[in-house]
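Work through these exercises with the sequence and the 3D view side by side. Try each task before you read its solution.

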Amino acid sequence: EERRLAYVAFTRARSLLLVSGSHWRGSTKTPATPSVFLAELAERAGSPEVTRGQWTEPGEAGEENPFAGRMLTAWWPFDPLDGPRVRVMDPQAPQDQDRSVLLPPRARPRRRALETAAAWVREATPLELPDRQESDLARQTQWVLDRATPVNHRGETVELPSHISASTFVDLADDPAALARQLRRPMPRPPAHAARRGTAFHSWVEDHFGSTGMLDFEDAEDSADHWVEDALDLEPMKQAFLASRWADRVPVVVEPPVETTVGGVTLRGRIDAVFRDGAADDPGARWELVDWKTGAVPRGRDLAVKSLQLAVYRLAWSRLHGIPLENISASFVYVAHGVEKSMHDLAGEAELERILAEAIGAG
């Protein structure tokens with residue numbers, strides 16, 4: 001669990017990661033051992049990436065928990081009926097006038113209020129605060145100011161993995177900077193109804209072609225799959241597929257994994273279905289690669305960029321089976337709209353290498 005937490009923290013931080021620990025926790029009677037991840041990070045102090053703040057060695061923690069039996073108290077920071085306020089000195093006010101000013105944060109948008117309050121605190125002296133509370137306010141204010149200061153990133157160059165998926169290659173060609181940000185700071189994708197719908201439809205197509213139909217329910221009306229199909233509204237897409245030219249065709253293979261190397265990067269993917277016109281031993285047989293899509297039909301540049309996925313599949317299939325590129329065609333089938341996009345003039349090896357080189361240079 002600790003390693004999992006450390007991984008999430010280190011890969012999710014956008015610009016600054018603050019890591020801390022404590023020898024004493026709650027009312028424990030013995031000091032805790034520092035986390036191995038915190039200790040290893042402290043060893044890198046002094047490098048361009050790591051700055052170490054206050055650090056207490058285990059032997060300096062003492063023998064008694066200083067917090068045991070201690071009642072914590074704090075100065076109430078705002079009027080509960082009127083919202084939080086900050087009382088500061090107005091250095092511009094005449095000496096014979098009250099120089100204290102109340103700043104209600106809700107009087108301005110949040111960002112502007114923070115900047116205004118920070119400017120006041122930098123130039124003013126808090127009023128009527130005990131020494132301890134004054135130092136706490138100064139510390140908290142400095143923390144807010146530090147967080148508002150842009151971090152000087154080091155190492156902006158992001159190394160492209162040696163193996164990427166065909167869809168990642170499409171993302172790279174479409175927006176190299178966006179892909180670099182995702183690689184630098186990986187973020188999990190939120191659950192999406194459209195993604196679940198697409199996965200469910202692909203599974204149904206596999207079952208239709210007899211590739212993965214391993215379960216046999218006596219009463220389909222009682223199966224969980226039937227309920228899922230209703231929830232995802234698969235029936236219109238199923239009917240559209242069954243009315244298309246693909247329903248009665250027999251694919252050579254369904255969901256075959258492929259990979260090929262372009263410009264030193266290995267591209268991987270999985271073709272939804274592969275069809276052949278002609279005998280298996282016919283060198284002139286025509287092959288067609290199909291990718292089922294359940295989303296909207298793209299247009300213009302968007303469609304052209306997405307066609308790179310089919311270009312990768314075509315090149316990989318050609319190399320894998322020694323088939324001339326001109327004997328292989330590829331299509332997107334948008335089943336939700338009954339639209340088929342047969343992609344002509346797909347990029348070849350040289351074009352894919354050029355696109356990869358330009359995208360890496362731009363990123």
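**Exercise 1. Classify the two partners of a helical salt bridge.**

Task: Decide whether arginine 354 is buried, partly exposed or exposed.

Solution. Start with the scale: buried means under 20% relative accessible area, exposed over 50%, and partly exposed in between, with a 1.4 Å probe and protein chains only. Arginine 354 has 37% relative accessibility, so it counts as partly exposed. Next, take glutamate 351. Its relative accessible area is 31%, so glutamate 351 is partly exposed too. Now join the two. Their side chains meet in a salt bridge, with N to O at 2.4 Å. A salt bridge here is a side-chain nitrogen of Lys or Arg within 4 Å of a carboxyl oxygen of Asp or Glu. Last, place the pair: arginine 354 and glutamate 351 are about one helical turn apart because they sit three residues apart in helix H11. Helices (H or I, at least four residues) and strands (E, at least two) are DSSP runs, numbered from the N terminus.

A note on the source: this is a predicted model, where local features need pLDDT of at least 70 and side-chain atom pairs count only at pLDDT 80 or more, while totals for chains, interfaces and linings use all residues. Residues are numbered from 1 along each chain as its sequence is written, and side-chain values use heavy atoms, with hydrogens and water left out.

**Exercise 2. Compare two more salt bridges.**

Task: Find where the partners of lysine 238 and arginine 245 lie in the chain.

Solution. First, lysine 238. Its side chain meets that of glutamate 235 in a salt bridge of 3.6 Å, N to O. Both residues lie in helix H9 (residues 235-242), three residues apart, about one turn of the helix. Lysine 238 is buried at 11% relative accessible area, whereas glutamate 235 is partly exposed at 39%.

Second, arginine 245. It forms a salt bridge with glutamate 288, and the closest N and O atoms are 3.3 Å apart. This pair links distant parts of the chain: arginine 245 is in the loop between H9 and strand S6 (253-254), and glutamate 288 is in strand S10, 43 residues apart. Arginine 245 is partly exposed, at 42%. Glutamate 288 counts as buried, at 11%.

Finish with the count. The structure holds 14 salt bridges.

**Exercise 3. Trace the largest nonpolar core.**

Task: Name the element that gives the most residues to this core.

Solution. Define the core first: it is a set of buried Ala, Val, Leu, Ile, Met, Phe, Trp, Tyr and Cys residues joined through side-chain atoms within 4.5 Å. The largest one has 39 residues, and Phe169, Leu289, Leu308, Trp317 and Leu352 touch the most other members. Elements giving two or more residues include helix H5 (166-174), strand S10 (286-293), helix H10 (300-321) and helix H11 (349-362). H10 gives the most, with ten residues.

Now zoom in on leucine 308. Contact means heavy atoms within 4.5 Å. Leaving aside neighbours within four places in sequence, leucine 308 is in contact with Phe169, Val170, Ala173, Ala347, Leu352 and Ile355. Apart from this core lies another, of 18 residues, among them Ala200, Ala273, Phe275 and Trp292.

**Exercise 4. Describe the surroundings of threonine 11.**

Task: List what threonine 11 touches beyond four places in sequence.

Solution. Threonine 11 is in helix H1. At 16% relative accessibility it counts as buried. Beyond its sequence neighbours, threonine 11 touches Arg184, Arg185 and Pro186. A polar atom of its side chain lies 2.7 Å from the backbone oxygen of tyrosine 7.

**Exercise 5. Contrast two loop residues with positive phi.**

Task: Which of these is buried and which is exposed, glutamate 255 or aspartate 345?

Solution. Check phi first. Glutamate 255 has a positive phi of about 55° although it is not a glycine. Phi of aspartate 345 is near 55°, also positive in a residue other than glycine. Then locate them. Glutamate 255 is in the loop between S6 and S7. Aspartate 345 is in the loop between strand S12 (339-343) and H11. Finally, read the accessibility. Glutamate 255 counts as buried at 15%. Aspartate 345 is exposed at 79%.

Notes
A polar contact is a pair of N or O atoms within 3.5 Å; within protein, one must be able to donate a hydrogen and the other to accept it, and residues adjacent in sequence count only if both atoms are side-chain atoms.
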